[in-house]
Amino acid sequence: MNLKRLAISAFAFVSTLTLFAIPAFAEAAAAGSDTSSNGMIALAIGLGLGIAAAGGGMGQGKAAAGALEGIGRNPGAAKEIFTPLLLSLALIESLVIYSLVISFMLLGKIV
């Protein structure tokens, strides 16, 4: 039941975002300027960074929860769990940093 409510909320959010974005792009296209491609790039930067940050945050939370659960079940294994936890957190964060680098590259196309 909770998943159904989340899906409906996500659909409503995306629909609202789409309804407000279409007139903005239509106005730029009607003006005959080249700002529509700049607007699309700006939208891609914002959505890309947001999705990357959200995915990275969820992944890091899940990794940390699993490590803390393992340490809670077997406190003696804390030293063996700590190193793989740090490695996994660094790899997850590197994907978010790659998204940031790509966003900076796209931002260079706008300016």
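This is a guided tour of a predicted model, going from the whole chain to individual residues and the contacts around them.

**The whole chain**

Begin with the full chain in a cartoon view, where three helices and zero strands are to be found, and where the order read along the sequence is α-α-α. If you colour the model by pLDDT, keep in mind that the chain averages 84 and that 84% of the residues score at least 70. Among the elements, α1 has the lowest mean pLDDT, 74, whereas α3 has the highest, 91, and the stops below are best read with those values in view.

Switching to a surface representation, you will be looking at about 8,300 Å² of exposed area, of which carbon and sulfur atoms supply 75%. Of the 111 residues, 10% count as buried. For the contacts between residues with a separation of 6 or more, 66% come from residues 24 or more positions apart.

**The nonpolar patch on α1 and α2**

With the surface still shown, select Phe13, Val14, Leu17, Met40, Leu43, Leu47 and Ile51, which together make a nonpolar surface patch of about 670 Å². Helices α1 (2–30) and α2 (35–73) are the elements that give two or more residues to this patch, and the largest share, four residues, comes from α2. Now centre on Phe13, which has its place in helix α1. Phe13 counts as exposed because its relative accessible area is 57%, above the 50% cut-off.

**Ser99 and Ser103 on α3**

Move next to helix α3, which covers residues 78–110, and select Ser99, a residue of that helix. Is Ser99 buried or exposed? With a relative accessibility of 14%, Ser99 is buried, since the cut-off for that class is under 20%. Display the residues around Ser99, and, once those up to four places away in sequence are set aside, you will find that Ser99 touches Gly48, Leu49 and Ala52.

Add Ser103, likewise found in helix α3, to the selection. Ser103 has a relative accessibility of 7% and therefore also counts as buried. A distance worth drawing here runs from the backbone oxygen of Ser99 to a polar atom of the Ser103 side chain, and is 2.9 Å. Which residues does Ser103 contact, leaving aside its neighbours within four places in sequence? They are Ile45 and Leu49.

**Leu49, seen from α2**

Leu49 appeared among the contacts of Ser99 and again among those of Ser103, and it is a good residue to centre on next. Leu49 lies in helix α2 and is partly exposed, with a relative accessible area of 30%. Apart from neighbours within four places in sequence, Leu49 is in contact with Ser99, Leu100 and Ser103. If you then pick the C-alpha atoms of Leu49 and Val96, which are 47 residues apart along the chain, the viewer should report a separation of 7.7 Å.

**Two further C-alpha distances**

Staying on helix α2, select Gly59, which counts as partly exposed at 23% relative accessibility. The C-alpha atom of Gly59 is 8.4 Å from that of Leu89, although the two residues are 30 apart along the chain.

Then go to Phe82, a residue of helix α3 that is partly exposed, with a relative accessible area of 47%. Between the C-alpha atoms of Phe82 and Ala64, which are 18 residues apart along the chain, the separation is 9.9 Å.

**The salt bridge**

For the last stop, show the charged side chains. How many salt bridges does the structure hold? There is one, and the side chains that meet in it are those of Glu69 and Arg73, with an N to O distance of 3.2 Å. Side chains of opposite charge can pair when their charged atoms come close. Because Glu69 and Arg73 are four residues apart in helix α2, they are separated by about one helical turn. Colouring the pair by accessibility shows Glu69 as partly exposed, with a relative accessible area of 46%, while Arg73 counts as exposed at 68%.

Methods
Residues numbered from 1 in each chain as written. Predicted model: local features only at pLDDT ≥ 70, side-chain atom pairs only at ≥ 80, totals over all residues. Heavy atoms only, no water. Buried < 20%, exposed > 50% of the residue type's maximum accessible area, 1.4 Å probe, protein only. Contact = heavy atoms within 4.5 Å. Areas by Shrake-Rupley, 256 points an atom, 1.4 Å probe, with all protein chains shown as cover. Patch = residues over 30% accessible without salt bridge, like charges linked within 9 Å, V, L, I, M, F, W, Y side chains within 5 Å. Salt bridge = Lys/Arg side-chain N within 4 Å of Asp/Glu carboxyl O. Polar contact = N/O pair within 3.5 Å; in protein donor to acceptor, adjacent residues only side chain to side chain. pLDDT = per-residue confidence, 0-100.
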